[in-house]
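Biologist: Got a minute to go through this model with me? I'd like to start with the strands and then move to the helices.
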Amino acid sequence: MSELWRFDAIGTRWEIETAEPVADETRALIGAVIDGFDEEWSRFRPDSLVSRLAAHGGEAAAPADAVAMLDVYRELDRATAGAVNPLVGESLARRGYDAAYSFVDRGAAPAPSWLQVLEWDAQTLRLAQPALLDVGALGKGRLVDLVAETLAGSVAGGFVVDASGDMAVRGGPVRVGLEHPFDPSRAIGLFEVEDAALCASATNRRAWGEGLHHVLDARTGVPVRTIAATWALASDAMHADAAATALFFDGGPELAADWGVSWVRMTTDGTVEWSADQKAELFL
């Protein structure tokens, strides 16, 4: 591959690598896919569907991704005993990760019991009370899949879609280093990715204040303290992203096994753990 297209969207850096330049029409299509997803699911935009529901609750036409994502959230909830919850948005905002990026901690608060107030099907998304959705556990992976699908119909050969650590690879293999969460200049290993997706999450990313970061236990509103970083290899980016989130909690490894996801994680004391079928080369 020799062509690299870089741009910023949804608050992160994207890199799309292809054998040939991506046509202007395809770039416009990808831009529309990202903007459309952001308009529906962003909790940082005052005009998004999520923000409108947060203000008053109520009912809206279901976004095209609602069933795919929220059905997976149900599996995440079940596997982690409620630690992963799509109504964790207000809990994150209270810790300072809010729409204004204030990074001012107003204390821990658990997320609402979401299955009692959020309903969805292919036509309707319904929230019985005002609450702030946050699909960060898997949303970026879902968007990577959508961008990859758009690209697949428009370019010849393989490609890589990389949204700052959450990536989909068509063709390959591509060797990807696993950044050490305590020393970004080092890698603890690498995955070889071919026609698959690799997603990562780490508590040194989107971190602020005294011990605060973006991975909260929705049951308490307290940041995770035992796991520092996770990596998950799956057939699609949404499940890789979801598994990378679940691996911060008890039940995550079992869910990853059910999904056929290969994974690695590092605890905060530096111990490295991995799945029985993990496919990474580890530098231990």
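Modeller: Sure. Methionine 167 has leucine 198 of strand 10 as its bridge partner. Helices (H or I, at least four residues) and strands (E, at least two) are DSSP runs, numbered from the N terminus.

Biologist: Before we go on, what kind of model is this, and how are residues numbered?
Modeller: It's a predicted model: local features need pLDDT of at least 70, side-chain atom pairs count only at pLDDT 80 or more, and totals for chains, interfaces and linings use all residues. Residues are numbered from 1 along each chain as its sequence is written, and side-chain values use heavy atoms, leaving out hydrogens and water.

Biologist: OK. How many bridges join strand 7 to strand 10?
Modeller: Three, and the two strands run antiparallel.

Biologist: And what does leucine 198 pair with in strand 15?
Modeller: Its bridge partner there is leucine 233. Strand 10 and strand 15 (residues 227-234) are joined by six bridges, again antiparallel.

Biologist: Is strand 10 enclosed or open?
Modeller: Largely enclosed by the rest of the structure, because six of its seven residues (196-202) are buried. Buried means under 20% relative accessible area, with exposed over 50% and partly exposed in between (1.4 Å probe, protein chains only).

Biologist: What's the strand order in the sheet?
Modeller: It's an open sheet of eight strands, 1-2-6-7-10-15-16-17, with antiparallel pairing. Two strands count as paired if DSSP finds at least two bridges between them. Strand 1 (3-9) and strand 17 (272-274) are the edges, each pairing on one side only.

Biologist: What joins strand 16 to strand 17?
Modeller: Three bridges, with strand 16 (residues 262-267) antiparallel to strand 17. Arginine 265 has glutamate 273 of strand 17 as its bridge partner.

Biologist: Switching to helices: how do helix 5 and helix 6 cross?
Modeller: The axes of helix 5 (residues 139-152) and helix 6 (residues 237-246) come within 7 Å and cross at roughly 165°. Axes are lines fitted to C-alpha atoms, for helices over the stretch in contact, and angles run from 0 to 180 degrees between N-to-C directions. So helix 5 is roughly antiparallel to helix 6, a label for angles over 145 degrees.

Biologist: Which residues of helix 6 make that contact?
Modeller: Ala237, Met238 and Asp241, against a helix 5 group including Lys140 and Arg142. Contact means heavy atoms within 4.5 Å.

Biologist: Which strands does helix 5 lie across?
Modeller: Strand 2 (12-18), strand 6 (159-163) and strand 7 (166-170), and helix 5 runs at about 150° to strand 6.

Terms used
Angles under 35 degrees count as roughly parallel, over 145 as roughly antiparallel, 65 to 115 as roughly perpendicular and the rest as oblique.
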